[in-house]
Each structure stands twice: as structure tokens, then as C-alpha cells.
Amino acid sequence: MSAVIETSPLLSDILAAIKPIDGLKAEAFAVLEQLGLPGNKSEEYKFTPITRTLEKNFNFATKNSASELKSTESFAIPGVDAHTLVFVNGVFVEELSRYNQTDLKITPTSGKESGFGTIADFKSDALVAWNTAAWTSGISIEVKANTSVSKPVVLHYIHDTSKGEIKSFTRNIIRLGKSSSLTVIEKQDTFGDQAGFSNIVTEGFVEENAALNLFSLQADKGKRFHFGQTSIWQARDSRVNSFMLTLDGKLIRNNLQLILDGEGIESHMDGLYILQGDTLADNHTVVDHRKPHANSNELYKGIMDDNAKGVFNGKIYVRPDAQKTNAFQSNRNILLSDKATVNTKPQLEIWADDVKCSHGCTTGQLDEEAMFYLQARGIDKVTARAMMLYAFAGEVLDKIDSEPLKNYFDSLISERLHKNF
């Protein structure tokens, strides 16, 4: 499908703000210039008017204000002992970060890393092309073969909008050697009254028999507008577990792509979005089965209240060589108000004949009979409602193995469901 070019002045400001470049950045710049930004008729952004929203809220001809942030303790995840890599307004800040390189190698992204720019496809998505042309900072994480990193790595993205709007572009790459393991936690925070836009692209390479656990938390109470693309390539017998929790933000777009390029692979993609106010959260996922005897499971759940809007688009591709594939996908949603909406589109494309695949979606409201049952036993309506919603959300939460992280997510979800719903 050909791109729909956005002809507003926004694109001109964006192109003018990107410094003179060469190599891959120059190629991405040319692609962005050719594609334009996604407009109203763009199928991939049909329910997420990201171009119009950015045009209304940002001036890309201006530069970011400097931040005077001295400490990140108030933003830390309680009880989680981790290597912490801090980005302030999109720039990696060594002084605020805490990590050692005993089990892993952490260096600033150079753009010359093996595999850089090869799986996050900037030729088909203008937002990825924008990042590839404009990124200013990032981190490269490498884990050697046969190494299990005991502490998780937290990628902490902080926007300081106290002096003005912020636009940030971050590029990361993660490489796991054979039979290694790593847990990565992404967290976003904003302080200040102005708006912030982040464009983060992460590419991951998980070699044979390696395991990557990826957690993403979006509970940013500031005026956060976000685009994220995470693309992960998997070799044979590797394992990837991903968990996405979205609670706050103005407009959030999460793209998650897994490329299963070997036999014996296990991939799990789980997500939970609990939205209120006028938050819009859009989750686009792609699972690409390229080789036989691999398994993928995907479960995304959403709860929407007020004027909140949820979007889910999940694609599963089973290539001709991917016989004996098991691929399952499910998206379930609850709407708590007449104004809340969800647009869901599970997709399944199969070119192999010996597979087990399924996909589906449901959208509904709370069970009134169950509510009556709980109230009849002395439970007040607010508590009964929160209990039912927590039970709905718990199926996804139960899949988290880390107790400190699970407890933290649990506390955020419980607080949201009891106080705000």
C-alpha cells in the first residue's frame, strides 16, 4: 500500500530541524521526505491521528531547554535492584545512571553496531524513519554467551518540561549471545507543565538458546506523547517474554515486532492498558514466524473509561517454511463509559498448511449479574467493581515472574482501579 503524504508545515519543520547527515541517517532522511507523515487515510495510523496531534501541540523548529535534574530517586521502582540507565530529554546522562559492566557491556550507541537499522524498518514507517534520521542518543547493551545477568537493566526515560516543550529521539540496540539471559525494564516519567514527545526505537538480537524478558511501563502523569518501535530478532531455541503496561499519557503508540527465525522458539507478548480521561493508547504488534516448530502466544487486555480510546492491531505471519507453528492471539476489552471506545483488528496470514493458529477479540461491559452477586453479599458497588476489574486484569499480571516488579505493577493497577474507576 502506498504511503499517504502529509503536506502540512509540520514535515517541513521536522526536516529542517535534522542536522546535516550521511550514511544510514541520510537514507532515512530521504525516506521520511518521500513518505511524509501518516495522514488521515494511512491504514496503519487510521485510529491514531499522530500527525495532527503533534502539529497542534509542538513546534519542531525550536530546541529543547536544558534540564537541571539532579536526582531520580523519586522516580525509582521500589524494591527493584537494577542497573539503571537514565535518559533526560532523550539524552543519556552518565552522572544519573548506576550500573556496572561485570556481566554485560554498556556503551553509547554509535550507529555502527552489527545489525543496526536492519530490523526496525524505516522504509515503511515514517516514524521509524524520523527516528533513524534524527536520533541523538542511545545505549548499546551486549551480553556475552553463556552469561546470565542477575540484575535487570532499567532504561529510564525522563522528560523535564518545566522550562518548555521537549522532543526526544533515542536509539537503542540489545544483543544477547548464545545461552545468555537478560531482563530489561523501560520506564517513562515527566515532570513539568509543558508537553513532551518521545520517539524511541530499540532493536534486539537474541541468539541461540538465549532469553530476553522485556517490561515496559507507561504510567507517566505528564503530558506525554510517545511513539515506540521495538523490533526483536530471535534465533533457534531462544525465548522472549514481553509485557506492556499503559496507564497514562496523552497519545501513546507502541509498535512491537518479533521475528522468529529459527526452530524451537518460544515468544510471549502480553499487554494491559487501563485508560481514563482523554488518553489514547495504540498497540500494534507483529509476530513473524519464518521457521518451523516455533510457538507464540499473545494476550492484550484493555479497560477504558471516560473519553479514553484504545487501539489494538495484532498481526501474525506464518511463512511457507514455518510448518508445525503454534500461534495464538487474543485481545479482550471492557468499556466502562458510553464515550470510551476501542478499535481492535487481529490479523492472521498463513502460507503453511500444518499449523495450529487462532486469533480473536472481545469487547463488552462488566457483568451486571456478577456485580449484583457481590453487592448482595455486602460488598459496596465501588469495591465490587474494582474487584471484578482487577480479576480481569490479573490474568496478564500473573505472568510476571519477578516478585518486586509484579508487586510494583500490582500496586499501580490496584490504585488505579480502586481510586479512579
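**Close-up views of a predicted model**

**View 1. The second largest pocket and what surrounds it.** In this predicted model, 26 residues line the second largest pocket, and those nearest its centre are A17, K19, A134, T136 and F169. Three elements each give two or more residues to that lining: α1 (9–17), α4 (126–134) and β6 (166–176). The pocket takes up about 670 Å³. If you sort its lining by chemistry, you get 15 nonpolar, 7 polar and 4 charged residues.

**View 2. How far to trust the chain.** The mean pLDDT of the chain is 93, with 96% of its residues at 70 or more. Residues 1–6 are a stretch to treat separately, with a pLDDT below 50. Even so, this stretch has 18 contacts in the model beyond near neighbours in sequence.

**View 3. The largest nonpolar core, seen around L182.** Nonpolar side chains tend to be buried together in soluble globular proteins. Here the largest nonpolar core holds 47 residues, and L85, I141 and L182 have the most contacts inside it. Strand β12 (residues 251–260) is the top contributor to this core, giving 4 residues. Another core lies apart from it, with 40 residues, including L37, A134, F197 and F205. Back at L182, which residues does it touch once those up to four places away in sequence are left out? They are L104, I141, V143, V149, V153, I174, L176, A211, L212 and N213.

**View 4. The largest cavity, walled by a run of strands.** How many cavities of 30 Å³ or more are there? The count comes to 3, and the largest has a volume of about 220 Å³. Its lining is made of 22 residues, with E186, S216, T230, M244 and N254 nearest the centre. Strands β7 (181–191), β8 (195–206), β9 (211–218), β10 (223–234), β11 (239–246) and β12 each put at least two residues into this lining. By type, the lining of the largest cavity splits into 8 nonpolar, 11 polar and 3 charged residues.

**View 5. The second largest cavity.** This one holds about 40 Å³ of space. Its lining consists of I174, E186, T202, E203, G204, L212, L214, T230 and I232. Strands β8, β9 and β10 each give two or more residues to the lining of the second largest cavity, and β8 has the largest share, with 3 residues. The mix here is 4 nonpolar, 3 polar and 2 charged. Look out for E186 and T230 in this view: both line the second largest cavity, and both are also among the residues nearest the centre of the largest cavity.

**View 6. A120, a loop residue tucked away.** A120 sits in the loop between β3 (104–108) and α4. Is A120 buried or exposed? A120 counts as buried because its relative accessibility is 0%, and the cut-off for buried is under 20%. Setting aside residues up to four places away in sequence, A120 touches V128, R171, V201, E203, Q229 and S231. Measuring C-alpha to C-alpha, A120 and L256 are 9.9 Å apart in space, though 136 residues apart in sequence.

**View 7. A322, another buried loop alanine.** The loop between β16 (309–318) and β17 (326–335) is where you'll find A322. With a relative accessibility of 0%, A322 counts as buried too. Its contacts, leaving out neighbours within four places in sequence, are H289, R290, K291, P292, A352 and V355. Take R290 from that list: its C-alpha atom is 5.3 Å from that of A322, while the two residues are 32 apart along the chain.

**View 8. Two loop residues with positive phi.** S179 has a phi near 60°, a positive value in a residue other than glycine. S179 lies in the loop between β6 and β7. Because its relative accessibility is 32%, S179 counts as partly exposed. D306 also has a positive phi without being glycine, near 55°. Where is D306 found? D306 is in the loop between β15 (295–304) and β16. With a relative accessible area of 36%, D306 is partly exposed as well.

Notes
Residues are numbered from 1 along each chain as its sequence is written. This is a predicted model: local features need pLDDT of at least 70, side-chain atom pairs count only at pLDDT 80 or more; totals for chains, interfaces and linings use all residues. Side-chain values use heavy atoms; hydrogens and water are left out. On a 1 Å grid over the protein atoms alone, a cavity is a set of points where a 1.4 Å probe fits but cannot get out, and a pocket is an open set with protein on both sides within 12 Å along at least five of seven lines; lining residues have an atom within 4 Å of a point. Grid points are joined across faces, edges and corners, and a volume is the space filled by probe spheres set on the points. Ala, Val, Leu, Ile, Met, Phe, Trp, Tyr, Cys and Pro count as nonpolar, Asp, Glu, Lys and Arg as charged, and the others, Gly among them, as polar. A nonpolar core is a set of buried Ala, Val, Leu, Ile, Met, Phe, Trp, Tyr and Cys residues joined through side-chain atoms within 4.5 Å. Buried means under 20% relative accessible area, exposed over 50%, partly exposed in between (1.4 Å probe, protein chains only). Contact means heavy atoms within 4.5 Å. pLDDT is the predictor's confidence in each residue, from 0 to 100.
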